[in-house]
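Biologist: I have a protein on my screen and some questions about how it is put together. Can you take me through them?

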Amino acid sequence: MLTRTAIGNPRLDRWRQVRAFAVPPTMIETATVRRLAGDWAGACAGAGFDVDFRLAAVRRSRGRGFEDRLRDDLRNMAPDLLRWHMPRTADDGLLRPGLTIVLARYADDGGPVSLVARTPPAWAGAGQRISLALWDGTPSGPPHPHPHPHPRFRLDLHRHLWDVRQAGELRFRSGADALLGDDPPGTPGELPDAHAAGRWPDEARILRAAAGLAPGPVAVRLGSRCRMIVHPTGDGTPEPRIVAAPLDAAALALPVLPDAATWVPPDVELLRAGLVDADDLHPLVAAALVPDHTPADRTASVPQPGAPVVLDCNGARHRIGLVDGVLTALDHDPDTIRREELLAALGGPPLPCLRAIDTAHRRPDRLAEVRARLDHGDVAGALVVVETLLGPEAVLRDGPLRDALQAAVDGRVAYGLYRSGLLPRGRRNPHHVAGHGGPRRIRRNRTLLRRT
């Protein structure tokens, strides 16, 4: 029987995986509670953001008026929503490394300054942290491979992707009001659904107006060597003119439409394909795309260990389950377990119950989920899964599970050194900086991951 990936859309299947793990409900809940309480810094911390400036220093250097404008934007920023919409790589769905993205631009007597979000270089990307900084053209904060804002990934013209005051604009700014209608029209020309071509003329006018330019054509980047030129028409004419263009000097000189205006958000495609429902989306995204939807209760609950597992053991039906925080063979007395463990250590065949416990420690059934959570920086969620399976007092054994947790610890150490500026920019392998042995006990794993 063919799998969904074989007969469906692998790109959308990857995006469904990203939406399941990249911004977990616990992160959204924590960041939202703190934001609603007026604690913008706490919301950033809850969403995995580092802040590279202090408002007191901003007030001293640029005055109270600028600080008030910046503080107003910070209090209305939903960092979890920004993380949801951040650019991601196509192969694994992780944050695109080494980016500087403009969120807001300010005119100030001391010169123009921008609020930017930055992703670390790939070698320091474990934990999927994002930093906020102020950019005025001079270096500040930890060394970054690309400190200048990237024109392709600017979000100052798309505040609905991070500002709660404009989050409801997502439906019409993305073209979803037509695509999610009862009878969605076809995409202009022969472009696939992933292109938001219906929005290009309006977005072109917004882009040129922001740059102080008269209405005119813009370039749309569809690939590394593929450009199209959009000629917005005046009011009263039916369609814009969209033509293919080679990479000549004229095409390269045109303003380039940002990616946020070029593509239909993956959430719209996932909804149209029936791969997710509104409750699977960020609440602000769901409210914009499905306005008549009543959200389900998203209150996070602590997973409870499941029922004991029953298996055949030497002709009998035995159980393994958690006792005092450790996965244990419930139908063998302690003396038998110690004797069988010693025999197994000397090379003898282990009991089926002990073999099942050993397999659960080294390669549990939910190992793929643990790895996905760790890859996307959800360390807390990964450890909850592990503790649910093995117990909080379990001693980790050599194998893929322990390797995955060890790699997460090493990656957080590398990120901490990057933030401190202690590693040269050319060093790309986080394992070069980790010389300590791996943590054995799960609770010690939790402590080390939090500490770094």
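Modeller: What follows is a set of short questions and answers on this predicted model.

Biologist: What is the mean pLDDT of the protein, and what share of its residues reach 70 or more?

Modeller: This is a predicted model, so confidence comes before detail. pLDDT is the predictor's confidence in each residue, from 0 to 100. The mean is 84, and the share of residues that reach 70 or more is 84%.

Biologist: Which element has the lowest mean pLDDT, and which the highest?

Modeller: The lowest value is 44, for residues 4–7, which form helix α1. Over residues 1–6 the pLDDT is below 50, and that stretch has six contacts beyond near neighbours in sequence. The highest value is 98, for residues 79–85. So the answer, by mean pLDDT, is α1 for the lowest and helix α7 for the highest.

Biologist: Over residues 182–192, where pLDDT stays under 50, how many contacts does the model have beyond four places in sequence?

Modeller: Where pLDDT is low, the predicted coordinates should not be read in detail. The contacts of residues 182–192 can still be counted in the model, and beyond four places in sequence they number 13.

Biologist: How many helices and strands does the protein have?

Modeller: The chain has 452 residues, and 48% of them count as buried. Among contacts with a separation of 6 or more, 63% join residues 24 or more positions apart. The secondary structure comes to 20 helices and ten strands.

Biologist: How much of the accessible surface belongs to carbon and sulfur atoms?

Modeller: The accessible surface of the protein is about 22400 Å². The part that belongs to carbon and sulfur atoms is 53%.

Biologist: Is Glu67 buried or exposed?

Modeller: Glu67 lies in helix α6, residues 64–75. Beyond four places in sequence, Glu67 touches Leu55 and Arg59. Its relative accessible area is 1%. Buried means under 20%, so Glu67 is buried.

Biologist: With which residue does Glu67 form a salt bridge?

Modeller: The partner lies in helix α6 as well, four residues apart from Glu67, about one turn of the helix. The closest N and O atoms are 2.5 Å apart. The partner is partly exposed, with a relative accessible area of 24%, whereas Glu67 is buried at 1%. That partner is Arg71.

Biologist: Arg165 and Asp163 meet in a salt bridge. Why does Asp163 count as buried?

Modeller: The two side chains come to 2.8 Å, N to O. Arg165 is partly exposed, with a relative accessible area of 43%. Buried means under 20% relative accessible area. Asp163 counts as buried because its relative accessibility is 0%.

Biologist: Which residues are linked with Asp163 and Arg165 in a network of salt bridges?

Modeller: By the rule used here, the count of salt bridges comes to 29. One of them joins Asp156 and Arg154 at 2.8 Å, N to O, and both of these residues are buried. The network with Asp163 and Arg165 also holds Asp72, Asp73 and Arg159.

Biologist: In the open sheet of four strands, which are the edge strands?

Modeller: The order is β1-β4-β3-β2, with mixed pairing. An edge strand pairs on one side only. The edges are β1 (49–51) and β2 (100–106).

Biologist: Which residue of β4 stands opposite Val116?

Modeller: Strand β3 (residues 113–118) and strand β4 (residues 130–135) run antiparallel, joined by five bridges. Opposite Val116 in β4 stands Ala133.

Biologist: Which strands of this sheet does α6 touch?

Modeller: α6 packs on the sheet. Its direction makes about 130° with that of β2. The strands touched are β2, β3 and β4.

Biologist: Which residues make up the covered face of β10?

Modeller: β10 belongs to an open sheet in the order β8-β9-β10, with antiparallel pairing. In a regular strand the side chains alternate between the two faces of the sheet. The uncovered face of β10 has Val326 and Thr328. The covered face has Leu327 and Ala329.

Biologist: Which residue in the turn between β9 and β10 has a positive phi?

Modeller: β9 and β10 form a hairpin with two residues between them. Val323 stands opposite Val326, and Leu322 has Leu327 as its bridge partner. The turn residue with a positive phi, about 55°, is Asp324.

Terms used. Residues are numbered from 1 along each chain as its sequence is written. This is a predicted model: local features need pLDDT of at least 70, side-chain atom pairs count only at pLDDT 80 or more; totals for chains, interfaces and linings use all residues. Side-chain values use heavy atoms; hydrogens and water are left out. Buried means under 20% relative accessible area, exposed over 50%, partly exposed in between (1.4 Å probe, protein chains only). Contact means heavy atoms within 4.5 Å. A salt bridge is a side-chain nitrogen of Lys or Arg within 4 Å of a carboxyl oxygen of Asp or Glu. Accessible areas come from the Shrake-Rupley method with a 1.4 Å probe; for residues, only the protein chains shown count as cover. Two strands pair if DSSP finds at least two bridges between them. Axes are lines fitted to C-alpha atoms, for helices over the stretch in contact, and angles run from 0 to 180 degrees between N-to-C directions.
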